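Let's walk through this fold together, helix by helix and then into the core. Please keep the model open beside you as you read.

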Amino acid sequence: MQKLKRFSLLLLFLFTLPIAIGQLPFPNNEVSPKPKEPAHVVFAASQAPAQQPAIQSTDPFHVLLFYTHSHESYKPVVAQSKGLQAVYDEQTNIYSMQEMMQYYFNLNQITTTVMDFDAMTEMKTTGAAFHQAYDVVRPVLKEKLSQQPFDLVIDFHRDSAPSSVTTLELNGERYAKVAFVVGAEHAGYSSNLAYATALSEQLNRMVPGISRGIMKKQGKGVDGVYNQDLSPEMLLIEFGGIDNNDEELQRTMAVLAQAIQKAFIEMAV
């Protein structure tokens, strides 16, 4: 009789185990089943609560992505793809990472649009110099912004700094650091600065040290505007550097997407 009782308890435990497991919380960057295309690794970010007030409230939250220096590339990523060491490449570059970026944004309920404009190919075709990149992008970006409103506009770049500057190792994981560039030579730059500050602080609350902070640019020898006068919600993000690899970049993208969700969406609810 005692054996029968123990056997009945065992059957009850085995029956309820899947139900109990199904109630456990999982990070919002781990999904099942994972989509087959694109076949990206999914990284979970820290869930530290945000503190700063929301800047804007919109549902759904819509982000425009574009790439002024579209051929900026990462040496390990190009080496893996082509067996070459290069910091600029016409195929394997930051512009070609748009699907990966959209994937992580989508995981965090952020709608994205990519501005379909390969700026550096256009510059090569027209003979424009490197320092004219922002001038080449400007009319295309201005037209895009006139077609519909966006809650956030991000110009993604790759920093030229080495791994010692652009890589964070924390708790056994390696991340590509980000930095924010704010052009201070236009009348509305304080809004761009507020957005950059809110996101930089949120990132560092989640993963301390992942953001290198804000770089205000003005004076001789710099652009000073970076087309940020076209939108008060515009960010210029230096996303890693020349030595960062695909895993480090994806891990940071997972954190960045969650940080945007926390800084500009969760706190607005």
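A convention on angles helps at the outset: 65 to 115 degrees between two axes counts as roughly perpendicular, and angles under 35 degrees count as roughly parallel, over 145 as roughly antiparallel, with the rest called oblique. Keep in mind, too, that what you see is a predicted model.

With that in hand, turn to helix α4 (residues 119-126) and helix α5 (residues 133-147). These two pack with their axes 10 Å apart, at an angle of about 110 degrees. That angle falls in the band from 65 to 115 degrees, and α4 and α5 are therefore roughly perpendicular to each other. The crossing of α4 past α5 is right-handed. On the α4 side the meeting residues are Ala119, Glu122 and Met123, and on the α5 side they are Ala133, Val136 and Val137. Sorted by class, this contact of α4 with α5 holds five nonpolar residues, no polar ones and one charged.

Now step back for the overall picture. The protein has eight helices and eight strands. Of its 269 residues, 47% are buried. Among contacts with a separation of 6 or more, 77% join residues 24 or more positions apart.

Helix α8 is a good place to continue, since two other helices can be followed onto it. Begin with α3 (residues 98-107), which packs on α8 (residues 246-264) at an angle of about 40 degrees, the axes lying 8 Å apart. That angle makes α3 oblique to α8. The crossing of α3 past α8 is right-handed. From α3, the contact takes in Met100, Met101, Tyr104 and Phe105, while α8 supplies Gln250, Met253, Ala254, Ala257 and Ile260. The contact of α3 with α8 has eight nonpolar residues, one polar and no charged residues.

The second partner to follow is α7 (residues 189-206). Its axis and that of α8 come within 9 Å and cross at roughly 120 degrees. That makes α7 oblique to α8, and α7 passes α8 in a right-handed crossing. Here Tyr195, Ala198, Leu199, Gln202, Leu203 and Met206 of α7 meet Val255, Leu256, Gln258, Ala259, Ile260, Lys262, Ala263 and Phe264 of α8. This contact of α7 with α8 divides into 11 nonpolar residues, two polar and one charged. If you are tracing Ile260, you will find this residue in the contact with α3 and also in the contact with α7.

Which residues touch the most other members of the largest nonpolar core? In this core of 48 residues, they are Phe156, Leu199, Ile237, Phe239 and Ile260. The largest share of the core, 10 residues, comes from α8. Phe239 is worth selecting on your screen. Leaving aside neighbours within four places in sequence, Phe239 is in contact with Tyr74, Met97, Met100, Met101, Phe156, His157, Arg158, Lys177, Val178, Leu249, Thr252 and Met253. Another core, of 15 residues, lies apart from the largest one, and its members include Met115, Val137, Leu141 and Phe150. You have already met Val137, in the contact of α5 with α4.

Next, look at Val182, which is found in strand β6 (residues 178-183). Is Val182 buried or exposed? With a relative accessible area of 2%, Val182 is buried. Not counting residues up to four places away in sequence, Val182 touches Tyr189, Asn192, Leu193, Ala196, Ile214, Met215, Lys216, Lys217 and Gln228. Gln228 is 46 residues from Val182 along the chain, and the C-alpha atoms of the two are separated by 7.9 Å.

Finally, two residues merit a look for their backbone. Gln109 has a positive phi of about 60 degrees although it is not a glycine. Gln109 is placed in the loop between α3 and β2 (110-114), and is exposed, with a relative accessible area of 56%. Tyr226, also a residue other than glycine, has a positive phi near 55 degrees. This tyrosine lies in the loop between β7 (211-217) and β8 (234-241). In contrast to the exposed Gln109, Tyr226 counts as buried, at 9% relative accessibility.

Note on methods:
Residues are numbered from 1 along each chain as its sequence is written. This is a predicted model: local features need pLDDT of at least 70, side-chain atom pairs count only at pLDDT 80 or more; totals for chains, interfaces and linings use all residues. Side-chain values use heavy atoms; hydrogens and water are left out. Axes are lines fitted to C-alpha atoms, for helices over the stretch in contact, and angles run from 0 to 180 degrees between N-to-C directions. Helices (H or I, at least four residues) and strands (E, at least two) are DSSP runs, numbered from the N terminus. A crossing is left-handed if the near helix is turned anticlockwise from the far one by less than a right angle, and right-handed if clockwise. Contact means heavy atoms within 4.5 Å. Ala, Val, Leu, Ile, Met, Phe, Trp, Tyr, Cys and Pro count as nonpolar, Asp, Glu, Lys and Arg as charged, and the others, Gly among them, as polar. A nonpolar core is a set of buried Ala, Val, Leu, Ile, Met, Phe, Trp, Tyr and Cys residues joined through side-chain atoms within 4.5 Å. Buried means under 20% relative accessible area, exposed over 50%, partly exposed in between (1.4 Å probe, protein chains only).
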